[in-house]
Amino acid sequence: MENNNQNANSQSQEQKTPNTPRERRPNPHRQNNTQNRPQGENSNRPNPNRKQNPANPNKKPNPKQEVDGNVQDRPAPNGNKKPNPNQNKNRNTNNGDRRPNTNNNNNDRRPNSNNNKPRQNRNNNRPNNNKNGGGNRNKNKRRNITTVNDEMRKYLEINDKVKEATMNPWRNADMSVQGKIRFTPLGGLGEIGGNMAVLETETTAIIIDVGMSFPDETMHGVDILVPDFSYLHTLKKEKDVYVIITHGHEDHIGAMPYLFKELQFPIYGTPLALAMIENKFNEHGLSQYTKNFNFVTMRKQHQIGDMKIEWMHNTHSIIDACSLAIETPAGIIIHTADFKVDHTPVDNYTMDLRRFAHYGEKGVLCLFSDSTNSHNPGATKSEKVVGKTFDTLFELAKGRILMSTFSSNVHRIVQAMERAVKHGRKVCVIGRSMERNIETNRALGFVDIEDKHFIEVHEVPKYADHEVLIVTTGSQGETMAALNRMATDEHRHIKLKPSDTVIISASAIPGNEGSVSSLLNKLMKVGCTVRYKEFSDIHVSGHAGQEEQKLILRLIQPKFFLPVHGEYNHIAKHARTAVECGVDERNILLMGDGDQIELTTKYLKKVKTVKSGKTYIDNQNNMTIENDVVLDRQKLAEDGIINVVAQISQSNQKIVGKPVISTHGIVADKDDKKFQKEIEVLLETMLLNMKPEALKNHKDIENDIRAVVRKHVVRTKKRYPLIIPTIFIV
């Protein structure tokens, strides 16, 4: 039945094209069939892989012919499509080729004039997988196959080696050197702030930054925290020690006065950072130590001990922030310090990425990089977007504007001042740290606003509300900051009004969320318009997001990687980003404060743990608070206190008179008498069971009373109070 259909199709085709006979292209798949072949065709080259080609309508299919000896040749009605059972069987197969056929002569399929063989596809030795008869010989055929010769293969291999070297530039460094270095973070890991680390060789130690951090709510009466300097006392006896400053933020220089009260070392840094340290030294009566200052030049190596250190400009939320390139006996170390990659900074001085690439090409042994924003996808926004937000806020404000931000973020402060000048407002700076930083930056030429635009705080009432901008401290809700005192109506000069607009251009530092929320509540109770987080670009971070971290990792492509600056989850995430950027997972370590890491060209490992921790500082008098004092305050706040005063007769081991028992934080006032009676009974019972010779030692009796009272309170109140017994033996 199938053969009859084929014959019918062939006859139909002959009827439709009776006057245009078309010579069929020779099919090398057929054997011993020379009918209708062009003269000179070589019939001795059969190809058993190909089936009959029905392109020639003048050639009737032979129902007796077989392919491969057992399968009949079944031409498809349409050479480009699979057979369709619903298709018209009488359709002209000349239309099977999708391209129009404009030439119906024998030249449509020209034979190969070189060897008198039919021209075949370049891939003619591959089997034809067209199960439908192969009506279109070009279907699923590869065209323009490139011939890979020996020379091309040679250059492919060369370029592969070049790319491999590009992805591992640390191999350019001398990996045979025998030097070793040690890195010890003393602050800044496991926390936000308090950054301090020591990098040491056999003879030299450099202290990278000496920063402070903020206490949590359990550290009663503590204003700031500074790192424990015990390890530095040990180093001073063994090596030459130097202080290296990357930038002037409080979490990098805030602990400098407290260090210099104990130890004095040479200090290296940019002019702005050292000027801000000088301000602190003057406050603490340490002005004589400014002789230790050494000003550095960016892009220039400074020989410090047996290390060469170069300061490389980066972009951050403070002027003159720098990263460090350190040549050590073991190899080149890069320490990014705090950074973000801002391509449009306010002062137009972008991050010196070319210098990073320069050292990356030389070969970097280890990269230490900022991890603070390692969970943030993408890149951190430019500082300039805050200026655009200020444009909107200044347009909306009808009365006075009060702007609060970090006092060290001079670029943001300058952007607010420039908008004030544009809108005809006078600028009043309030807050000790804010005033000091603005004056320092003006003296160094970083702030270029004329004196005529500034007014003193006592001059504010002389101007209309729409003519005043107040720049002040207190964005973190600090109790003693100027903005908080204004909100509580305790500021001597500034009284807030409902017409005022307060702009808080900062985010809460971890641990300060409660203080910031309390400040917002106070401001809103006054009736002020508060601009905080409803404008997404009212604040931008100064730290790099994931894409910026990747950029530095790719520019440096180090052998070893140590993430720094941040809590453990931050450095762990940064480590995963580094693995994605080609750093071997075995060449990464996650550190904590006090971990000492040894580093050579061959390995990276933890060797020991040194003493670390925090020292508590009362900022009201710049004095240290001892640990036991803070612990007692925590005990009092959480569990209360019990005072027991009693006289004991040595002759009969009884209490003389009534003991005086007072409590705070244990029971309510109405239950005091009941509780006192319970303690009195406990004491009488204890004395009856006590040996007579025990009364000879006051200390032993007090310890016994403390133990008995504590056991009772724990059993009945589930508290662990501070118990102070005072006993007199009579």
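**Exercise 1. Two residues with positive phi**

Task: Determine whether Arg299 is buried, partly exposed or exposed, and classify His565 in the manner of burial as well.

Solution. Arg299 has a relative accessible area of 44% and is therefore partly exposed, since buried means under 20% and exposed over 50%. The structure under study is a predicted model. As to its position, Arg299 belongs to the loop between β11 (293–295) and β12 (301–304). Its backbone has a positive phi of about 65°, although Arg299 is not a glycine.

For His565, the relative accessible area is 8%, so this residue is buried. His565 is located in the loop between β22 (560–564) and α14 (568–580). His565 is likewise not a glycine, and its phi is positive, at about 65°.

**Exercise 2. The surroundings of strand β16**

Task: Establish how many residues of β16 are buried, which way their side chains point, and which strands pair with β16.

Solution. Begin with burial: five of the five residues in β16 (residues 366–370) are buried, and the strand is mostly covered. Next, consider the faces. In a regular strand, side chains alternate between the two faces of the sheet. In β16, Cys366, Phe368 and Asp370 point one way, while Leu367 and Ser369 point the other way.

Then turn to the neighbours. Strand β15 (residues 331–335) pairs with β16 in the parallel sense over three bridges, and Ile333 has Cys366 as its bridge partner in β16. The connection from β15 to β16 passes through α7, giving a right-handed β-α-β crossover. Strand β22 also runs parallel to β16, joined to it by five bridges; here Ser369 stands opposite Pro563.

**Exercise 3. The packing of α7 against α13**

Task: Classify the relative orientation of α7 and α13 and describe the residues in their contact.

Solution. Helix α7 (residues 353–362) packs against helix α13 (residues 546–556) at an angle of about 40°, with the axes 7 Å apart. Angles under 35 degrees would count as roughly parallel; the two helices are therefore oblique to each other. The contact involves Leu353, Phe356, Ala357 and Gly360 of α7, together with Leu551, Ile552, Leu555 and Ile556 of α13. By class, seven of the contact residues are nonpolar, one is polar and none is charged.

**Exercise 4. Leu523 in helix α12**

Task: State whether Leu523 is buried or exposed, and which residues Leu523 touches beyond four places away in sequence.

Solution. Leu523, found in helix α12 (residues 513–526), has a relative accessible area of 0% and is therefore buried. Its contacts include Leu483, Ala487, Leu496, Val502, Ile504, Cys528 and Val530.

Definitions and conventions: Residues numbered from 1 in each chain as written. Predicted model: local features only at pLDDT ≥ 70, side-chain atom pairs only at ≥ 80, totals over all residues. Heavy atoms only, no water. Axes fitted to C-alpha atoms, helices over the stretch in contact; angles between N-to-C directions. Helix = DSSP H or I, 4+ residues; strand = E, 2+ residues; numbered from the N terminus. Parallel < 35°, antiparallel > 145°, perpendicular 65-115°, else oblique. Contact = heavy atoms within 4.5 Å. Nonpolar A, V, L, I, M, F, W, Y, C, P; charged D, E, K, R; others polar. Buried < 20%, exposed > 50% of the residue type's maximum accessible area, 1.4 Å probe, protein only. Pairing = 2+ DSSP bridges. Right-handed = clockwise from strand over helix to strand, strands pointing away.
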